[in-house]
Every structure is written in structure tokens, then in C-alpha cells.
Amino acid sequence: MKSHEILTLIEEITRLDGSKYIEISNMVQNGRAELAAERSYIKQVRILQLNIPHSVHVANYEQFINETFEMPTEQMDHFEEWTRTPKMQKEVDMILKENHIG
């Protein structure tokens with residue numbers, strides 16, 4: 001595994017072009033997104049929900065993220081958007097549905 005992050009929140013990220021997307025994340029990654037916004041790699045990030053239940057869908061997405069991506073350090077020089085497979089998009093859709101978002 002590249003990382004071992006526990007995903008605990010839902011956030012909305014606004015790209016530089018003004019488009020938005022929702023990500024399942026944690027406080028460390030949210031802090032990195034805030035830093036990315038300060039450095040103008042993204043426009044903004046805002047937390048939509050904290051302490052989401054750790055459902056089977058969260059666990060599946062968490063495993064995918066940990067196996068596929070590395071958490072950025074404070075020395076990052078860009079913001080990497082976590083791209084999803086169609087299967088992982090369905091997991092995220094279920095997480096949003098479980099948490100009454102979307």
C-alpha cells in the first residue's frame with residue numbers, strides 16, 4: 001500500500017476553472033487542500049460533512065485510495081485530483097447517498 005489513510009469526511013473542491021467536485025477525505029488531506037488553495041493550485045475547499053460512518057463503501061474507496069495514491073506533503077507543487085474508476089465512482093455515489101449529500 002502506498003498510504004494508510006482513514007477517510008472520515010466529505011469535502012467539496014473548487015477547481016481553478018470554477019467547476020466543483022466532491023471528495024471523500026480526511027483532516028490531513030483537507031489541510032493539504034487548504035494549502036493548495038492558498039498556493040492557488042485550486043480555488044477553494046470546504047467540508048460538507050465530518051465524521052462520516054465507516055461503511056463498507058467507505059472502506060472500499062479507502063482501500064482504493066491507499067493503494068493508488070500517495071498523500072501529498074507540505075512541499076507539494078500542485079494539487080492532484082484523485083481520479084476514480086467507474087467502480088469507485090459508484091462507491092463514492094453510495095457514500096454520498098448514505099450521508100444525504102448530492
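Reader: Let's start near the tail of this predicted model. Does His100 count as buried or exposed?

Author: His100 sits in the segment after helix 3. Its relative accessibility is 74%, and the cut-off to beat is 50%. So His100 counts as exposed.

Reader: And what is the phi of His100?

Author: Most residues other than glycine have a negative phi. His100 goes the other way: it is not a glycine, yet its phi is positive, at about 60 degrees.

Reader: Which residue in the loop between strand 3 and helix 2 has a positive phi although it is not a glycine?

Author: Look in the loop between strand 3 and helix 2. The residue there is exposed, with a relative accessible area of 66%. Its phi is positive, about 50 degrees, and the residue is Asn51.

Reader: Ser55 is in that loop too. Is Ser55 buried or exposed?

Author: Ser55 does lie in the loop between strand 3 and helix 2. Buried means under 20% relative accessible area. With a relative accessible area of 16%, Ser55 is therefore buried.

Reader: How far apart in space are Ser55 and Met94, C-alpha to C-alpha?

Author: In sequence, Ser55 and Met94 are 39 residues apart. In space, going C-alpha to C-alpha, the distance is 9.7 Å.

Reader: On to the sheet. What is the order of its 3 strands?

Author: Strand 1 pairs with strand 2 in the antiparallel sense over 6 bridges. Strand 1 also pairs with strand 3, again antiparallel, over 5 bridges. Strand 2 and strand 3 have a single partner strand each, so they stand at the edges, with one side of each left without a neighbour in the sheet. For this open sheet, that gives the order 2-1-3.

Reader: How much does the sheet twist, on average, from one strand to the next?

Author: We're still on the open, antiparallel sheet of 3 strands. From one strand to the next, the twist averages 30 degrees.

Reader: Which residue of strand 3 stands opposite Ile13?

Author: Ile13 is in strand 1, and on the strand 2 side its bridge partner is Tyr21. The neighbouring Thr14 has Gln44 as its bridge partner in strand 3. Opposite Ile13 in strand 3 stands Val45.

Reader: How many residues of strand 1 are buried?

Author: In a regular strand the side chains alternate between the two faces of the sheet. On one side of strand 1, Leu9, Glu11 and Ile13 are buried, and on the other Ile10, Glu12 and Thr14 are buried as well. Strand 1 is thus largely enclosed by the rest of the structure, and its buried count is 6 of the 6 residues.

Reader: Which residue takes a positive phi in the hairpin of strand 1 and strand 2?

Author: That hairpin has 5 residues between the strands. The phi in question is near 95 degrees, and the residue is Gly18.

Reader: Which helix packs on the sheet?

Author: The helix touches strand 1 and strand 2. Its direction makes about 85 degrees with that of strand 2. The one packing there is helix 3.

Reader: How would you class helix 2 relative to helix 3?

Author: Their axes come within 9 Å and cross at roughly 140 degrees. Roughly antiparallel would need an angle over 145 degrees. That makes helix 2, relative to helix 3, oblique.

Reader: And what is the handedness of that crossing?

Author: The residues that meet include Tyr61 and Phe64 in helix 2, and Val92 and Ile95 in helix 3. By class, the contact has 7 nonpolar, 2 polar and 2 charged residues. As helix 2 passes helix 3, the crossing is left-handed.

Reader: Last one: which residues does His57 contact, leaving aside its neighbours within four places in sequence?

Author: His57 is in helix 2. At 18% relative accessibility, His57 counts as buried. Glu74 is 17 residues away from His57 in sequence, but 29 Å away in space, C-alpha to C-alpha. With those sequence neighbours left aside, the contacts of His57 are Glu91, Met94, Ile95 and Glu98.

Technical notes. Residues numbered from 1 in each chain as written. Predicted model: local features only at pLDDT ≥ 70, side-chain atom pairs only at ≥ 80, totals over all residues. Heavy atoms only, no water. Axes fitted to C-alpha atoms, helices over the stretch in contact; angles between N-to-C directions. Helix = DSSP H or I, 4+ residues; strand = E, 2+ residues; numbered from the N terminus. Parallel < 35°, antiparallel > 145°, perpendicular 65-115°, else oblique. Left-handed = near helix turned anticlockwise from the far one by under 90°. Contact = heavy atoms within 4.5 Å. Nonpolar A, V, L, I, M, F, W, Y, C, P; charged D, E, K, R; others polar. Buried < 20%, exposed > 50% of the residue type's maximum accessible area, 1.4 Å probe, protein only. Pairing = 2+ DSSP bridges.
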